Amino acid sequence: MSIETPGIQVRRSARAKYLRLVVRPGIIELVAPLAATERQVQSFLQKHRSWAEGKVREMDAKLKVFQGPGLLEPGATLPWRGREIPLAVEETSGRRANVRIDECFSVTLPSRVGPGRESVLKQVLYSWIRHWLRGEVARLSLAHAPRHGLNPRAIRIKRMVSRWGSCGPRGDININWLLALAPETVLEYVVVHELCHIRERNHSAAFWSLVAEHLPGYALERAWLKRNGPALMQRFAEFGA
Ligand SMILES: [Zn+2]
């Protein structure tokens, strides 16, 4: 399709029912149903373009807050459960990388790693965090699921580019690995949100009241994700890629 709209990617989707704009840091995507005409796409764009561009600017401004030193530089930090903590990397003559966490992240990397150390470090952190989060999500699920019989068939911790979680038609739940870095209550909210989708497949009033039965104050966690989520995704986009 012809695109005379720099900075906006148009994607046709068989699943899309309406035209919509999806704004992520640095990217605006227009999702269009297969049946939408070129003219409908263009007029939709014209109408909403300045809103979308404003959103992108807003997100870029937020990202600057997070631009600290690189992971291997002195003063490096990582967020962990909502709090920025120091990251210390040491070398070992051994062959295995190791991660420990208490007041800071302590990572031991084999010294033979050499060039590309930063990408090895990212991979090591990503695997460790995913593994840790799997246990944590299982625990949260056990705490909330029995109340209304919302038992997931499987739980997966995944790298997800634009979502925090999802619930498949058979009750398989996917959770974004980055939620280990967000406050505990935010992780809990996303787990509950996806569990509630086992019964309520949409975002109807019935769905939200089910969420509220588990977590009456969930609006705060939703707001946290809205405010901080895009920057978190952007900052860790290269992890686990
Ligand atoms: Zn949902």
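**Briefing: helix packing, sheet and zinc site**

Helix α4 directs its buried residues toward three other helices, with packing against α2 (117–148), α3 (184–199) and α5 (218–235). The model is predicted. The points below cover this helix, a four-stranded open sheet, the zinc ion with its three histidine donors, H193, H197 and H203, and the cysteines, for which the disulfide count is zero.

**Helix α4**

- The helix spans residues 205–214, and its buried residues are F207, W208, L210, V211 and H214.
- These residues lie on the same side of α4, because they cover an arc of only 155 degrees around the axis.
- In an α-helix there are 3.6 residues a turn, so residues three or four places apart point the same way.
- The partners of this buried set are α2, α3 and α5.

**The sheet and helix α2**

- Four strands, in the order β4-β5-β7-β6, make up an open sheet with mixed pairing.
- At the edges are β4 (77–80) and β6 (98–101), each of which pairs on one side only.
- From one strand to the next, the twist averages 30 degrees.
- Helix α2 packs on the sheet and touches β4, β5 (83–92), β6 and β7. The direction of α2 makes about 125 degrees with that of β7.
- Strands of a sheet pair through backbone hydrogen bonds, in either a parallel or an antiparallel arrangement.
- The pairing of β6 with β7 (residues 105–110) is antiparallel and extends over four bridges.
- Within this region, I101 has F105 of β7 as its bridge partner.

**The zinc site**

- The zinc ion has as protein donors the NE2 atoms of H193, H197 and H203, which lie 2.0 Å from it.
- Along the chain, the donors follow the spacing H-x3-H-x5-H.
- H193 and H197 are separated by about one helical turn, because they are four residues apart in helix α3.
- H193 has a relative accessible area of 10% and is therefore buried, since buried means under 20%.
- H197 also counts as buried, at 9% relative accessibility.
- Helix α3, which holds H193 and H197, is one of the helices against which the buried residues of α4 pack.

**Cysteines**

- The model has zero disulfides, where a disulfide requires a pair of cysteine sulfur atoms within 2.5 Å.
- C196 is in no disulfide, and the nearest cysteine sulfur, belonging to C167, is 9.8 Å away.
- With a relative accessible area of 0%, C196 is buried.

Terms used:
Residues numbered from 1 in each chain as written. Predicted model: local features only at pLDDT ≥ 70, side-chain atom pairs only at ≥ 80, totals over all residues. Heavy atoms only, no water. Buried < 20%, exposed > 50% of the residue type's maximum accessible area, 1.4 Å probe, protein only. Helix = DSSP H or I, 4+ residues; strand = E, 2+ residues; numbered from the N terminus. Arc of directions from axis to C-beta. Contact = heavy atoms within 4.5 Å. Pairing = 2+ DSSP bridges. Axes fitted to C-alpha atoms, helices over the stretch in contact; angles between N-to-C directions. Donors = N, O, S within 2.8 Å, 3.2 Å for Na, K, Ca; no water.
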